[in-house]
Amino acid sequence: MDSFEWNKIAGAVLGTLMFVLVVSFVGEAVFEPAVPAKPGYVVEGVVEQTPTDQTSQAPAEEALPDWGTVLPAADAAAGQKISARCEQCHDLSKGGPDKIGPNLWGVLGRPRASRASFSYSSAMAASHDPWNFDHFFRFIKSPQAVVPGTKMSFAGIPNAKDRISLIAWLRTQSDSPLPVPPPQPAKAASDTHTPTAPQTPGSTPADNGKAPAAQGTKPATQTPAAAPKKPG
Ligand code: HEC
């Protein structure tokens with residue numbers, strides 16, 4: 001082999017190396033984008049979703065409080081303070097006017113989108129299920145997530161305790177406050193029970209001495225139309 005032949009081989013080897021370097025460099029740039037640990041901007045009041053939630057459309061299901069347990073213990077005075085945030089758009093008083101949003105006197109227990117004087121979005125008017133504790137608790141966490149297309153432009157209250165206080169207060173702002181269901185100690189104590197497992201037959205005073213076997217179901221004071229519950 002003459003030197004010209006060696007030059008060709010060396011050239012081919014160098015060329016191949018260059019090619020491999022370029023391909024790996026480009027490949028890395030294309031297939032391994034650096035993911036920032038935090039999203040680029042933070043919108044105040046918007047709940048940050050965990051990465052597993054980002055692909056699902058529905059908001060993460062939040063365990064619902066046992067209203068019979070949390071409401072008697074709730075801080076309605078704190079709830080009254082929180083309700084000042086709603087008064088920006090809602091009149092809360094009896095016989096008061098509609099503002100940007102409808103008057104909210106007696107809203108708990110009232111059918112959704114039922115103020116004839118207020119023009120609701122079609123999203124809100126799509127249901128007339130009465131506002132029960134569960135619905136309200138979910139809605140106030142993130143109005144746009146729970147009623148997509150609502151014209152209530154309020155980010156929501158992420159803190160569950162604040163929402164419970166608010167509900168305890170708003171419940172009293174009514175001619176006929178929505179009854180507080182009897183406590184369900186089994187549910188309050190543990191949400192990890194499998195759905196098929198019988199609940200602990202600890203009878204509560206509100207059961208009127210009925211057979212303990214009747215414990216598994218929620219009291220009928222709540223609307224049957226309540227959103228289906230996920231166990232746990
Ligand atoms: C920026 C204005 C604004 C704020 C703040 C606001 N809302 Fe609203 N709210 C609205 C509007 C507008 C509607 C009507 C929504 C529709 O028709 O889609 C509404 C509707 C509602 C409804 C449904 C009423 C019905 O008759 O069915 C409830 C319940 C409600 N708001 C509760 C609250 C509570 C509680 C707060 C405070 C934590 C609050 N809102 C804060 C504007 C607001």
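This passage walks through the fold, the helices, the core and the ligand surroundings of a predicted model.

Helices account for the secondary structure of the chain, with 9 helices and 0 strands. Followed along the sequence, the arrangement reads α-α-α-α-α-α-α-α-α. Of the 232 residues in the chain, 18% count as buried. The contacts nevertheless link distant parts of the sequence: among those between residues at least 6 apart, 56% join residues at least 24 apart.

Two helices make a helpful contrast. Helix α1 covers residues 3-31 and has 29 residues. From its first C-alpha to its last, α1 reaches 42 Å, close to the 42 Å expected at 1.5 Å a residue. How many of the 29 residues of α1 are buried? The number is 0, so α1 lies largely in the open. Helix α6 (133-141) is another matter: 8 of its 9 residues are buried, so the rest of the structure largely encloses α6. The buried residues in α6 are F133, H135, F136, F137, R138, F139, I140 and K141. This list takes in H135, R138 and K141 along with the phenylalanines and I140. As for partners, the buried residues of α6 pack against α2, α7 (143-146) and α8.

Some of these residues return in the largest nonpolar core, which has 22 residues. Within this core, F136, I140, L166, I167, A168 and L170 touch the most other members. Helices α2 (67-73), α6 (133-141) and α8 (160-172) each supply at least two residues of the core. The largest share, 6 residues, comes from α8. One of the well-connected members, L166, shows how the core is joined up. Leaving aside residues up to four places away in sequence, L166 touches G79, I82, S83, I140 and I157. The contact with I140 ties L166 to a buried residue of α6.

Turning to the ligand, which residues are the closest? They are C86, C89, G101, S121 and M152, from a total of 26 residues that surround the ligand. Two helices, α4 (84-87) and α5 (122-125), each supply at least two residues of this shell. By residue type, the shell divides into 15 nonpolar, 7 polar and 4 charged residues.

Taken together, the predicted model combines a helix that lies largely in the open, α1, with one that is largely enclosed, α6. Helix α6 also contributes at least two residues to the largest nonpolar core, while α4 and α5 each contribute at least two to the shell around the ligand.

Note on methods
Residues numbered from 1 in each chain as written. Predicted model: local features only at pLDDT ≥ 70, side-chain atom pairs only at ≥ 80, totals over all residues. Near = placed C-beta within 6 Å. Helix = DSSP H or I, 4+ residues; strand = E, 2+ residues; numbered from the N terminus. Nonpolar A, V, L, I, M, F, W, Y, C, P; charged D, E, K, R; others polar. Expected span 1.5 Å × (residues − 1). Buried ≥ 20, exposed ≤ 12 C-beta atoms within 10 Å, placed from the backbone. Core = buried A, V, L, I, M, F, W, Y, C linked by C-beta atoms within 7 Å. Contact = placed C-beta atoms within 7 Å.
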